[in-house]
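Me: Please take a close look at the salt bridges in this structure. I would like to know which side chains pair, where the partners sit, and how they compare with any charged side chain that is left without a partner.

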Amino acid sequence: QVPLVESGGGLVQAGGSLRLSCTASSSIFSRSAMGWYRQASGRQRELVATISSDGGTNYADSVKGRFTISRDSAKNTVYLQMNSLKPEDTDVYYCNAGYSNNKIRYTYWGQGTQVTVSS
């Protein structure tokens, strides 16, 4: 079973919007901080936004005011609403889940979804 399943990427014009979704198994989602990262070829993966299990959020400066991360416990799903998209937002976006148990860190990644913003 794939632990994280992403959807919602695609091609959009600059100024447009997309919403990414990531669904996790209930055993992972309920105990995890969830996040979105992005990576372009030849670059390091970078944090976009995170949300803790109690709803606290954190954003990269480059997306503050444009992107919103949220989580729905009933659906075991985390969302990334992306508005006012720019060409520099073009990347592969990865969902992440992480928690600690008995001093062991567990981390899971989605398969990645391509977001392309045309100018």
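Reply: A search of the whole structure finds 7 salt bridges. The model is a predicted one, and the account below follows some of these pairs, then turns to a charged residue without a bridge and to the fold around them.

Arg-43 is a convenient place to start. Its side chain forms a salt bridge with Glu-46, where the closest N and O atoms are 3.9 Å apart. This pair counts because the cut-off is 4 Å between a side-chain nitrogen of Lys or Arg and a carboxyl oxygen of Asp or Glu. Glu-46 has a relative accessibility of 31% and is therefore classed as partly exposed. Arg-43 is also partly exposed, at 39%.

Arg-43 has a second partner: Asp-91 meets it in a salt bridge with an N to O distance of 3.3 Å. Asp-91 belongs to strand S9, residues 91-101, while Arg-43 sits in the loop between strand S4 (33-39) and strand S5 (46-51), so the bridge ties together parts that are 48 residues apart in sequence. The relative accessibility of Asp-91 is 2%, so this residue counts as buried, whereas Arg-43 is partly exposed.

A further bridge joins Asp-89 and Arg-66, with the closest N and O atoms 2.8 Å apart. This pair, too, links distant parts of the chain: Asp-89 lies in the loop between strand S8 (77-82) and S9, Arg-66 lies in the loop between strand S6 (57-59) and strand S7 (67-72), and the two are 23 residues apart. Asp-89 and Arg-66 are both buried. Through shared partners, salt bridges join Arg-38, Arg-43, Glu-46, Arg-66, Asp-89 and Asp-91 into one network.

Glu-6, in strand S1 (residues 4-7), is a contrasting case. Glu-6 is buried but has no salt bridge, and Arg-45, the nearest side chain of opposite charge, is 7.6 Å away. What the side chain of Glu-6 does reach is backbone nitrogen: that of Cys-95 at 2.6 Å and that of Thr-113 at 3.2 Å. Leaving aside residues up to four places away in sequence, Glu-6 touches Ser-21, Cys-22, Trp-36, Tyr-93, Tyr-94, Cys-95, Gly-110, Gln-111, Gly-112 and Thr-113. Cys-95 and Thr-113 thus appear both in this list of contacts and as the residues whose backbone nitrogens the Glu-6 side chain reaches.

The fold in which these residues sit has 1 helix and 11 strands. Read from the N terminus, the order of elements is β-β-β-α-β-β-β-β-β-β-β-β. Of contacts between residues at least 6 apart in sequence, 54% join residues at least 24 apart. The bridge between Asp-91 and Arg-43, which are 48 residues apart, spans a separation of that kind.

As for overall dimensions, the C-alpha atoms fill a box of roughly 45 × 30 × 25 Å along the principal axes. The radius of gyration is 14 Å, which agrees with the value near 14 Å for a compact globule of 119 residues. Of those 119 residues, 42% count as buried; Glu-6, Asp-91, Asp-89 and Arg-66 are among them. The accessible surface comes to about 6,300 Å², with 45% of it belonging to carbon and sulfur atoms.

Some loop residues away from the charged pairs complete the picture. Ala-14 is in the loop between strand S2 (10-13) and strand S3 (18-24), and with a relative accessibility of 41% it counts as partly exposed. Its C-alpha atom is 34 Å from that of Ser-25, although the two residues are 11 apart along the chain. Beyond residues up to four places away in sequence, Ala-14 touches Leu-85, Pro-87, Val-117, Ser-118 and Ser-119.

Asn-76 and Ser-84 have positive phi values without being glycine: phi is near 55 degrees for Asn-76 and about 50 degrees for Ser-84. Asn-76 is in the loop between S7 and S8 and is buried, its relative accessible area being 18%. Ser-84 is in the loop between S8 and S9 and is partly exposed, at 41%. The loop between S8 and S9 also holds Asp-89, the partner of Arg-66.

Key: Residues numbered from 1 in each chain as written. Predicted model: local features only at pLDDT ≥ 70, side-chain atom pairs only at ≥ 80, totals over all residues. Heavy atoms only, no water. Helix = DSSP H or I, 4+ residues; strand = E, 2+ residues; numbered from the N terminus. Buried < 20%, exposed > 50% of the residue type's maximum accessible area, 1.4 Å probe, protein only. Lys, Arg positive; Asp, Glu negative; His and termini not counted. Polar contact = N/O pair within 3.5 Å; in protein donor to acceptor, adjacent residues only side chain to side chain. Contact = heavy atoms within 4.5 Å. Rg over C-alpha atoms; globule rule 2.2 N^0.38 Å. Areas by Shrake-Rupley, 256 points an atom, 1.4 Å probe, with all protein chains shown as cover.
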